[in-house]
Amino acid sequence: MQPEILLATFYVLILAAFLGYQVISRVPSLLHTPLMSATNAISGISLVGSLVTAGAHQTMVSSILGLCAVICSTTNVVSGFILTDRMLKMFKRRVAPPSKEEK
Amino acid sequence: MEPRTLFTELSYIVASVLFILGLRGLSHPESARRGMHLAEIGMLLAIIGTLVNREIVSYEWILAGLVIGCAIGLPMGLMVPMTAMPQRTALSHAFGALAASLVGISEYYLHGAALGPIKMPALSFEVLLGSLTTTGSLIACAKLQGVLPGAPLTYKGQNVFNLSLLGITVICFVLLLIFPGHAEVFYLMLFLSFVFGVLLVLPIGAADMPVVIALLNSYAGLAAAATGMVIGNNVLIIAGMLDGGSGFILSIVMCKAMNRSITNVLFGAFGSVSETAAAGTGEMHETNIEDVAILLAYARQAVFVPGYGMATAQAQHVLRQLADALEARGVTVKYAIHPVAGRMPGHMNVLLAEANVPYSQLQELDIINPEFPATDVAVVIGANDVVNPDARDNPKSIIAGMPILEVDRAKTVVVLKRGQGKGFSGLVNPLFFKPNCEMLYGDAKESLTNLVQAVHGA
């Protein structure tokens with residue numbers, strides 16, 4: 001790796017950390033559980049790394065490791081996004097008046 | 001630049017922007033869902049962008065992985081009950097960290113010493129953090145699920161042993177930087193990291209899990225970011241840092257809410273402490289359903305304080321029914337949410353939202369505390385430490401300084417509790433002995449169900 005590329009990578013790293021801090025400190029504690037599952041789903045982006053490892057087909061070992069990695073990250077992406085949405089759907093400002101049928 | 005590579009890079013840039021916008025949406029419940037849809041589109045774009053990558057020569061393994069991953073992920077996403085969110089979150093940290101770790105192992109296996117002096121530290125870091133997070137999260141998950149006992153597992157010299165193990169792991173890390181070609185050092189470090197993850201979480205009690213989960217979240221994110229550095233992929237670095245940063249912020253929030261430091265949580269083995277600085281004295285007053293129902297029915301304001309006990313009893317829906325019945329009688333109902341109530345950040349909010357409680361009724365610590373003196377009845381449902389007045393009044397208490405919900409300032413406090421036993425932390429709660437506190441023993445769900453009927457009859 002060239003030193004310039006390394007420097008650019010570091011830029012990205014530091015800026016992302018800074019941006020993450022700014023964005024996430026604005027999330028209210030009300031939504032901390034969905035936040036966790038959302039960031040989990042998003043960090044399932046390691047899927048792109050796993051895909052290359054699995055698909056580059058260099059050796060059997062690396063393909064199997066890649067396969068396992070793809071399974072893990074896909075599970076996270078799929079279940080993470082579904083669960084986040086399920087949770088966020090439940091947060092309502094005001095509820096419809098309770099049904100009277102129970103009475 | 002080849003058009004394919006250009007497409008891949010562009011998809012990554014767009015994905016990064018969409019991820020950030022998605023998380024920004026989470027700053028308000030109204031915009032949150034739309035934000036997450038943006039993030040989903042970003043994810044899809046990044047995956048498509050990767051699949052056209054020229055390094056990929058065969059798609060069988062990929063397809064198999066995607067299919068199996070969906071086969072596990074779909075039912076998990078659709079069927080996991082909200083009460084199981086803490087353990088499922090811990091499990092997903094394990095998956096995420098394992099993926100990062102596996103990619104790292106594969107990279108080392110393929111390139112070894114050829115990785116060079118810049119990639120090697122990132123790779124070692126990734127594998128070390130990824131592996132310890134994998135096993136650590138699995139243990140956390142097992143504790144939350146009840147497969148392992150929730151109480152801290154401690155033995156003499158534990159901290160010394162764990163720290164020396166960590167020390168050896170770090171020595172391996174340093175050795176690898178100097179002699180990157182020594183595969184045996186790499187695999188030893190890998191093995192030690194797995195073991196260390198187990199040992200790190202075993203001594204931590206279930207009540208401290210909110211901090212641990214947040215911390216493991218942070219580690220999983222950092223491992224992903226390190227993967228990005230190794231394979232030179234910016235979107236991975238960005239997403240990983242967002243995840244890592246979020247976990248880090250959450251652990252700080254949780255630690256502040258308990259007035260403890262992260263080191264104290266990790267090495268303090270809280271909950272094994274049996275000392276009682278100022279044991280409560282006097283008698284507890286037991287009450288019954290009818291009296292509580294009358295108290296609630298004729299109150300002007302009632303505040304519910306849910307804790308982990310509400311989650312285990314799955315009592316959130318019937319609590320909502322009780323609140324409905326009270327509101328129909330003109331009682332103002334609010335819910336007081338402590339940041340560490342439950343087993344993960346925001347746990348109570350999600351459960352109550354599931355029961356259709358509007359989020360405007362969920363009040364945080366500093367908003368609700370000034371309201372307690374004007375509250376007629378505060379009902380504590382399966383919470384203990386977060387309402388322990390010792391934290392405020394007794395500087396010698398081990399939870400001294402922890403911000404609490406000051407329910408003892410309400411005119412009457414009703415505590416729904418399973419039995420007379422101590423809470424999880426083993427601390428005596430002086431609240432229970434105060435003259436304005438009444439105890440209602442029994443399963444929370446059952447008691448609440450009976451209360452709903454009694455209130456209707458009142």
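Colleague: In chain B, what share of the contacts with a separation of 6 or more comes from residues 24 or more positions apart?

Modeller: This is a predicted model, in which local features need pLDDT of at least 70 and side-chain atom pairs count only at pLDDT 80 or more, while totals for chains, interfaces and linings use all residues, and side-chain values use heavy atoms, with hydrogens and water left out. Residues are numbered from 1 along each chain as its sequence is written, and chains are lettered from A and ligands numbered from 1 in the order in which they are written. With contact meaning heavy atoms within 4.5 Å, the share for residues 24 or more positions apart in chain B is 78%.

Colleague: What is the radius of gyration of chain B?

Modeller: Chain B has 17 helices and seven strands, counted as DSSP runs from the N terminus (helices H or I, at least four residues; strands E, at least two). The globule rule (2.2 Å times the number of residues to the power 0.38) goes with a radius taken over C-alpha atoms. For 458 residues the rule gives 23 Å, and the chain comes close to this, so chain B is as compact as a globular protein of that length, with a radius of gyration of 25 Å.

Colleague: Which helix gives the largest share of the largest nonpolar core?

Modeller: A nonpolar core is a set of buried Ala, Val, Leu, Ile, Met, Phe, Trp, Tyr and Cys residues joined through side-chain atoms within 4.5 Å, where buried means under 20% relative accessible area, exposed over 50% and partly exposed in between (1.4 Å probe, protein chains only). The largest one has 184 residues, and B:L26 is among those with the most contacts inside it. The largest share, 13 residues, comes from residues 234-258 of chain B, which form helix α9.

Colleague: Where does this core lie relative to the domains of chain B?

Modeller: The domain bounds come from an automatic or database domain assignment, which divides chain B into domain 1 (80-267) and domain 2 (285-457). Both domains give residues to the core, so its place is between domain 1 and domain 2.

Colleague: How much area is buried between domain 1 and domain 2 of chain B?

Modeller: The C-alpha centres of these two domains lie 36 Å apart, and 20 residues of domain 1 are in contact with 20 residues of domain 2. Buried area is the accessible area (1.4 Å probe) that two parts lose on being put together, summed over both. Carbon and sulfur atoms give 75% of the area buried between the domains, which is about 1600 Å².
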